[in-house]
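Subject: Structure for your review

Dear colleague,

Please find below the structure that I would like to hand over to you. I would be grateful if you kept it open while reading the notes that come after it.

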Amino acid sequence: MADRGLACGMRSVSAAKPHGPPVEIYCDESLSRGGYDLIGGLWLTHANARRLRGIIQGVREQYNHWYELKWTKATGRKLSPAYKELASKLTDQIMARRAAFHCIVIQRDLVDARFHDGDKELGYYKFVHWLARKRIEAGETYVLTLDWRTTRKDHRLSDLRDVLNACGRKDHNLRHDCFREVRARPSKEDDLLQAADVLLGAVGYHYARRHRGRGGSPAKNDLADRIAHGIERPSLDFASHRSEKRFNVWRWSPTQKKR
């Protein structure tokens, strides 16, 4: 691979890909949440991705909310009705197993610079790799959509795709490329990236304990609490067992990176 460290043993095997549409993954990042950085997103079948897009479109129409749905834009003394409805709809879909949310919480002071050779951009893609790799299932293929970001190297996405496909072969003895595509889009153009941003922002907000301080935003407090309540948790500041399929929060540490 072009970048040392973002690699997985490769095998020269090939076979026809599984039939059917790929699982769709919509991934975002939430940085500088207290001492934590977070990366995570939504996993959906093609049919459920279409369903959730329609649900979000319905929220927009109901509340005449045509600008970007984003964690940082949930502000003010009261949470807007559109965000209240969005929280309810997202958690309903997750609890009904029509969508899954998975994220990795990274305590920044535990990340040794040798993990990414002093290249923080590479570090981001390595963490995306770990998060996506641990959710590969035999018999499935995937399309991974990341929130668009400026990169110093234009091959980051193709490298990530190649590494994930190599890991699918190594970890599961697959005989096909399980990641059909790794791409980036501006979140303002994709409702599912926006939904991932809202969920991830809420987890980061609770991890940073912003809801416990005097300076906490009333709107954000409400939104994060609604999401926690919707998944039947008292708080989003928790670590999941690896078997949790619906709303999984992986608190990474250097000794757990092969979780």
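The following paragraphs describe the sheet, the helices that pack on it, and the largest pocket. Please bear in mind that this is a predicted model.

The sheet

The sheet is open and consists of six strands, arranged in the order β5-β4-β1-β2-β3-β6 with mixed pairing. The edges are taken by β5 (179-185) and β6 (247-252); each has a single partner strand, so one side of each has no neighbour in the sheet. On average, and with direction ignored, neighbouring strands are turned by 20 degrees against each other. As general background, strands of a sheet pair through backbone hydrogen bonds, in either a parallel or an antiparallel manner. At one end of the order given above, β4 (residues 142-147) pairs with β5 in the parallel sense, over six bridges. Within this pairing, L146 has A184 in β5 as its bridge partner.

Helices on the sheet

Helix α1 packs on the sheet and touches β1 (23-33), β2 and β5, with a direction at about 105 degrees to that of β2. Helix α5 also packs on the sheet, where it touches β1, β2, β3, β4, β5 and β6; its direction makes about 140 degrees with that of β2.

Contacts between helices

Helix α1 (residues 46-63) also packs against α5 (residues 191-207), at an angle of about 80 degrees and with the axes 10 Å apart. This angle makes α1 roughly perpendicular to α5. On the α1 side the contact involves A49, L52, R53, I56 and R60, which meet D191, L192, Q194 and A195 of α5. Sorted by class, this contact has five nonpolar, one polar and three charged residues.

Helix α5 has a further contact, with α6 (residues 218-230): their axes come within 9 Å and cross at roughly 105 degrees. Accordingly, α5 is roughly perpendicular to α6. Here V198, L199, A202, Y205 and H206 of α5 meet a set of α6 residues that includes L223, A224, I227 and A228. The contact of α5 with α6 has eight nonpolar, two polar and two charged residues.

The largest pocket

Which residues lie nearest the centre of the largest pocket? They are W43, A100, H102, E137 and K245, out of 21 residues that line the pocket. Its volume is about 510 Å³. Strands β2 (36-44) and β3 (100-107) each supply at least two residues of the lining. By class, the lining divides into seven nonpolar, four polar and 10 charged residues.

Yours sincerely,
A colleague

Methods
Residues are numbered from 1 along each chain as its sequence is written. This is a predicted model: local features need pLDDT of at least 70, side-chain atom pairs count only at pLDDT 80 or more; totals for chains, interfaces and linings use all residues. Side-chain values use heavy atoms; hydrogens and water are left out. Axes are lines fitted to C-alpha atoms, for helices over the stretch in contact, and angles run from 0 to 180 degrees between N-to-C directions. Helices (H or I, at least four residues) and strands (E, at least two) are DSSP runs, numbered from the N terminus. Angles under 35 degrees count as roughly parallel, over 145 as roughly antiparallel, 65 to 115 as roughly perpendicular and the rest as oblique. Contact means heavy atoms within 4.5 Å. Ala, Val, Leu, Ile, Met, Phe, Trp, Tyr, Cys and Pro count as nonpolar, Asp, Glu, Lys and Arg as charged, and the others, Gly among them, as polar. On a 1 Å grid over the protein atoms alone, a cavity is a set of points where a 1.4 Å probe fits but cannot get out, and a pocket is an open set with protein on both sides within 12 Å along at least five of seven lines; lining residues have an atom within 4 Å of a point. Grid points are joined across faces, edges and corners, and a volume is the space filled by probe spheres set on the points. Two strands pair if DSSP finds at least two bridges between them.
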